[in-house]
Amino acid sequence: MPRNGRRPRTPRPRTARPLALAALPAALLALICAGPAPGATAAGAGSPARADVRWSDARNGVRAAAPAGARSAGRAGAPRSFDTSPARAALERLLPHHSGQFTLVPDTAGGADTFTVSGTAGAITVRGSTGATLLTGVGWYLQHVAGADIGWPGESIGMLPARLPAVPAPVTRSAQVPHRYALNDTDDGYSGPYRTFEEHQRQIDLLALHGINEVFVQVGAEYPYYRALQGFGYSAEELRQWIPGPGHQSWWLLQNLSGFGGPVTERLMRERAELGGRIAEQLRGLGMTPVLPGYFGTVPPEFAARNTGAATVPQGDWAGFERPDWLDPASPAFRQLAAAYYAEQRAVFGDSTMYRMSPLHEGGQTGSVDVGAAAGAIQAALHAAHPGALWAVLGWQDDPAPELLAGVDTSKLLILDGLSDRYNRLDREARWGGAPYAMGTIYNFGGHTTIGANTSVWLERFGPWRAKSNSALAGIAYLPEATGTNPAAFDLFTDLAWEPGGIDQREWFAGFAARRYGRPDAAAAAAWEELRKGPYSTSSGLWSESQDSLFTARPGLTAAGAAYWSPKSMRYPAGSVRRALDHLLKVAPELRGSSAYRFDLVDTARQALANHSRVLLPKIKAAYEAKDLTLFRTLTAEWRESEARLDAVTGSDPNFLLGSRLAGARSWGADRAEQDRYEYDTRSLLSVWGRRSTSEGGFLHDYANREWSGLISELYAPRWDRYFASLDEALVRKAAPREIDWHAFEAEWAGRTTRHPDRPSGDSYRLAAQVAAALPPVAAGG
């Protein structure tokens, strides 16, 4: 997620108090009980002396580790009396000028996951079962009574009246499902691994406002590995080389790669662990569950050689990377390492009731390991550290396999279904033997800036799937690979869990249009009706994401998409976005001042231009093949002008700035070399993704493409310029065009340290109007 135009912070000592020492003996005791690491020397048998990892909660106090198995508020059996001050603090951040008009009341008598909203003008009372549910009630009030939107991103709270309107009659809502889970394993990488606590806090506030109660916390997850493995024969330096840079750690935790983008420093790991601990405590304060990474067997090279009796299985290749080895979960060494890992994790992050693990994600080798027995051992190790904790596993490709499900207590398992809206003829009860699952959506891959989602599929499936006589549907799972795009999709998907009578898609989008800019407007309604019918009504069958842009694609006259794994053609009529842009430009002037309007206008103009790239490139191809040099030059000049407009219009909104992402990465470095390393970690993910074997053999180049100002002007436009120049030369010389090593071109860009603006510039309305004026009119039926 972009850093909202803030300047990079200067690295400085943290001011939070040290971690409570009471946590340390518990961690050491767990290690002692687990026994020495097999084959470890006396000097390395225990964990090294703990570094000064510090974190504080929202009130600047220090939280000691909770007892194993402690249940966070908001789960079944949790106490209903709770401190509302974290919810009050969030409300003041969300509604700084109106928070005083809300009274937040813990509901000690109502049902779990329930809120009630009532009150007169200027005096709104929200009762709720947790701090997060209180905020969900506030969100319901804003949406259904006040008619304002706090989206992700963009808001219209500036249009609220000084005195908030009364609630016509008290309204009570209860969640339709107990699990409302958020964040893909890849979110930290693609949305921004170098974010500040304030940015994560904003994300938590928004998730609570929209009814989420379980949030994946990945930041700092490397630190328990780093600490625990030093007791199993590895030096600190070896582990710093093995752990990848923050931008690539998502895939290391999935056991897909290691090392790339590093080495990391101990200071960075300590600061990230501190940040992760603060995020977890922020969630707990609101009664939300911090979902922490569990341990399922990832180890560095030579683990078996350094630990007598340990058995490891090489995991083979993942997209050109050698995967880390898998420690057989049925071995004593696994139990000992898992105990050490969970003890180290507890000391910094505290306990939770839910842990994320996906063994054998996207491949991997089982060797002679019995998958069912391995799964049982993974769950047993989890329950030894956290009795009764829930194991969350991603439903993706063929996972979880029947063998894995057969080896575990599925009553303590939740499958996060990443394919609920992608394919047809799905029967999750039959597929997973009745194991509980959450209906999920992955409508964004790699952080693409494309608009759209299969929202009609969500609405068609959620109610019937839940109403089945044998239904195992127990939740929703908000799983885009990157967050901070498509605010309408975020709003609608999270509403599924709170609307008892179902949702009418047309009515919902009409209501969204009315509150998005602060009041009803005919042009806004027309714009969102076009978007509803187009990119937000794509069908299931093959894709859950819309097509990406050809401006961001590796050049070629037959280019059909930027990311290898993305749709290769339009998934909706392009005219819907083009007409929506025209309508948005006609929204009443007094409604154009909100960040919601600016974001939507820029995003729609960007999408209209991106869609036009699919019209323009075939014309360029035809001119080249006809050897019409004059027409070829005219059309390629139009392409360049479109790229320039795209860079300018995206540069007018803080959510589309490359400079913000780069500044954020550099802000974590203590010196120039470290800053450059973290910038490379960021740039490489956006371009080549990894090394040449990954970029080319693994087809991951441009996987994380996005239309951002700075990225367009410095990478995408020069790349197309180089290509068109080679074709121009070929036409003049009447010869075949010269070959271009695109990986070398992109790798050179990834290694740069050029600076880009981290604050928006330009008039969004004027720039969007210029885009509309330059695009051809919409053809009938287009």
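In this predicted model, the largest cavity encloses about 190 Å³ of space. Its lining is made up of 18 residues, and those closest to the centre are Gly139, Trp140, Gln143, Leu209 and His210. Helix 3, which spans residues 131–146, gives this lining its largest share, six residues. Helix 16 (487–495) is also represented, and both helix 3 and helix 16 supply at least two residues each. By class, the lining of the largest cavity holds seven nonpolar, six polar and five charged residues.

This cavity is one of nine in the structure that reach 30 Å³ or more. The second largest has a volume of about 150 Å³. Around the second largest cavity stand 20 lining residues, with Gly447, Thr483, Gly484, Thr485 and Trp708 nearest the centre. Here the helices that each contribute at least two residues to the lining include helix 4 (187–191) and helix 20 (595–625). The lining of the second largest cavity divides into eight nonpolar, nine polar and three charged residues.

From the cavities we turn to the pockets. The largest pocket has a volume of about 640 Å³. It is lined by 31 residues, and Glu362, Trp396, Gln397, Glu481 and Tyr703 are the ones closest to its centre. Of the lining residues of this pocket, 17 are nonpolar, nine are polar and five are charged. Two of the residues closest to the pocket centre, Glu362 and Glu481, belong to the charged class.

The chain around these spaces has 782 residues, of which 63% are buried. Its secondary structure consists of 27 helices and 17 strands. Among contacts with a separation of 6 or more, 78% are between residues 24 or more positions apart. The accessible surface of the chain is about 26300 Å², and carbon and sulfur atoms account for 54% of that area.

Helix 6 offers a local view of burial. This helix covers residues 222–229, and eight of its eight residues are buried. The buried residues are Glu222, Tyr223, Pro224, Tyr225, Tyr226, Arg227, Ala228 and Leu229. Why does a helix with every residue buried have cover to account for on more than one face? An α-helix has 3.6 residues a turn, so residues three or four places apart point the same way, while the residues between them point elsewhere. The cover over the buried residues of helix 6 includes five other helices: helix 7 (236–242), helix 8 (249–253), helix 9 (266–285), helix 10 (303–306) and helix 11 (332–349). Strand 8 is also part of that cover.

Strand 8 leads on to a sheet. Three strands form this open sheet in the order 8-12-9, with antiparallel pairing. Strand 8 (298–299) and strand 9 (312–313) are the edge strands, each paired on one side only. Strand 12, residues 325–327, runs antiparallel to strand 9, and two bridges join the pair. In one bridge, valine 313 has tryptophan 326 of strand 12 as its partner. Strand 8 thus appears twice in this account, once as an edge of the sheet and once in the cover of helix 6.

Technical notes. Residues are numbered from 1 along each chain as its sequence is written. This is a predicted model: local features need pLDDT of at least 70, side-chain atom pairs count only at pLDDT 80 or more; totals for chains, interfaces and linings use all residues. Side-chain values use heavy atoms; hydrogens and water are left out. On a 1 Å grid over the protein atoms alone, a cavity is a set of points where a 1.4 Å probe fits but cannot get out, and a pocket is an open set with protein on both sides within 12 Å along at least five of seven lines; lining residues have an atom within 4 Å of a point. Grid points are joined across faces, edges and corners, and a volume is the space filled by probe spheres set on the points. Two strands pair if DSSP finds at least two bridges between them. Helices (H or I, at least four residues) and strands (E, at least two) are DSSP runs, numbered from the N terminus. Buried means under 20% relative accessible area, exposed over 50%, partly exposed in between (1.4 Å probe, protein chains only). Contact means heavy atoms within 4.5 Å. Accessible areas come from the Shrake-Rupley method with a 1.4 Å probe; for residues, only the protein chains shown count as cover.
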